[in-house]
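Open the model in your viewer and keep the selection tool at hand. This tour says what to select at each stop and what is there.

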Amino acid sequence: MEEISDSTLTDQGLDVIEAKPKAGRILLIACGALAREILDLKAINGWDHMDLTCLPAKYHLYPDKITQSVREAVAKHSADYDSIFVVYADCGTGGLLQAACKELGVEMVAGPHCYSFFEGNEQFARQSETEITTFYLTDFLVRQFDAFIIKPMGLDRHPQLRDMYFGNYEKLVYQAQTDDPELTKKAKIAADRLGLTFERRLTGYGDLAITLADL
């Protein structure tokens, strides 16, 4: 497939790349912020029985849109696939997405958000109490730092608001899915812009890889 830009994944998502026949196939309905990671895992592991469609990553800025959009995607594709798996965690829906998936008879990734399942849900839960002043970025969010952090918070127009938003944070943790020096450099610049100390953790794909491997 053609290379898809991060801006497209942010604003439009990804239409399903149809494969035929569909008998025995699984459709992954995912957040656009996870598209590259899922496509990489599919390629690395030869998971040719999985198709992927993504909702716009920007829905994370408006989490009330996620549950209804997942409902619509399941309804649109359920007749075409033997099973559907939702590659979202709770992602700020307050349990509504999990309830909808249960009602629809589809499974979803376990965990409160992608920071948790990339780190590993058990590991993240163990350390979360000592990291309440930590701000997290993933590969996607490093690449889209301005679109998801700077512009929505108005920091491009009012940089003086930085300390109001981030004054209670102490550290930025970059959860690196890939070992990319350029992304690490960008993540460090992001930490400096927010006035936070910097830590990089090479998490890889964490529980996402484990979960998809079981499908």
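The tour starts with the whole chain and then moves through sheets, helices and single residues.

**Stop 1: the whole chain**

Select everything. What you see is a predicted model. The secondary structure comes to 11 helices and 7 strands. The radius of gyration is 17 Å, close to the 17 Å that the globule rule gives for 215 residues, so the protein is as compact as a globular protein of that length. Turn the model along its principal axes, and the C-alpha atoms fill a box of roughly 55 × 35 × 30 Å.

How much of the protein is buried? Buried residues make up 48% of the 215 residues. Contacts between residues at least 6 apart in sequence tell you about the fold: 71% of them join residues at least 24 apart.

Now switch on the surface. The protein exposes about 11,000 Å², and carbon and sulfur atoms supply 50% of that area. Colour by charge to find 22 positive and 33 negative side chains. The centres of these two sets lie 4 Å apart.

**Stop 2: the sheet that contains S1**

Select strand S1, residues 26-31, and add strand S2, residues 50-55. Strands of a sheet pair through backbone hydrogen bonds, either parallel or antiparallel. S1 and S2 pair in the parallel sense, over 6 bridges. To see two of the partnerships, select Leu-27, whose bridge partner in S2 is Asp-51, and then Ala-30, whose bridge partner in S2 is Cys-54.

Next add strand S3, residues 83-87, and strand S4, residues 107-108. What is the order of the strands in this open sheet? The order is S2-S1-S3-S4, with parallel pairing. S2 and S4 stand at the edges with a single partner strand each, so one side of each is left without a neighbour in the sheet. Return to S1 and look at its cover: 6 of its 6 residues are buried.

**Stop 3: helix H3 and its cover**

Select helix H3, residues 64-77. Its buried residues are Ile-66, Thr-67, Ser-69, Val-70, Ala-73, Val-74 and His-77. An α-helix has 3.6 residues a turn, so residues three or four places apart point the same way. Look along the helix axis with that spacing in mind. What covers the buried residues of H3? The cover includes strands S1, S2 and S3, together with helix H4 (96-104).

**Stop 4: helix H2 and the glycine after it**

Select helix H2, residues 35-45. Its buried residues are Ala-35, Arg-36, Glu-37, Ile-38, Leu-41 and Lys-42. Move on to Gly-46, which follows H2 and has a positive phi, near 65°.

**Stop 5: strands S5, S6 and S7**

Select strand S6, residues 171-176, where 5 of the 6 residues are buried. Add strand S5, residues 134-137, which pairs with S6 in the parallel sense over 4 bridges. Phe-135 has Leu-172 as its bridge partner in S6. Then add strand S7, residues 197-202, which pairs with S6 in the parallel sense over 6 bridges. Lys-171 stands opposite Thr-197 in S7.

**Stop 6: Thr-10 and Phe-148**

Select Thr-10, which lies in helix H1, residues 6-11. Is Thr-10 buried or exposed? Its relative accessibility is 6%, so Thr-10 counts as buried. Beyond its neighbours within four places in sequence, Thr-10 is in contact with Pro-56, Ala-57, Lys-58, Phe-140, Gln-144 and Phe-148.

Follow that last contact to Phe-148, which has its place in helix H8. Phe-148 also counts as buried, at 9% relative accessibility. Not counting residues up to four places away in sequence, Phe-148 touches Thr-10, Ala-57, Lys-58, His-60, Leu-61, Phe-140 and Leu-141. Pick out Lys-58: it is 90 residues from Phe-148 along the chain, and the two C-alpha atoms are separated by 7.6 Å.

**Stop 7: Asp-156**

Finish at Asp-156, in the loop between helix H8 (145-150) and helix H9 (162-166). Its relative accessibility is 42%, so Asp-156 counts as partly exposed. Leaving aside neighbours within four places in sequence, Asp-156 is in contact with Ile-150 and Lys-151. Draw a distance from Asp-156 to Ala-209, C-alpha to C-alpha: the two are 53 residues apart in sequence and 36 Å apart in space.

Terms used:
Residues are numbered from 1 along each chain as its sequence is written. This is a predicted model: local features need pLDDT of at least 70, side-chain atom pairs count only at pLDDT 80 or more; totals for chains, interfaces and linings use all residues. Side-chain values use heavy atoms; hydrogens and water are left out. The radius of gyration is taken over C-alpha atoms; the globule rule is 2.2 Å times the number of residues to the power 0.38. Buried means under 20% relative accessible area, exposed over 50%, partly exposed in between (1.4 Å probe, protein chains only). Contact means heavy atoms within 4.5 Å. Accessible areas come from the Shrake-Rupley method with a 1.4 Å probe; for residues, only the protein chains shown count as cover. Lys and Arg count as positive and Asp and Glu as negative; His and the chain ends are not counted. The place of a charge is taken as NZ of Lys, CZ of Arg, CG of Asp or CD of Glu. Two strands pair if DSSP finds at least two bridges between them.
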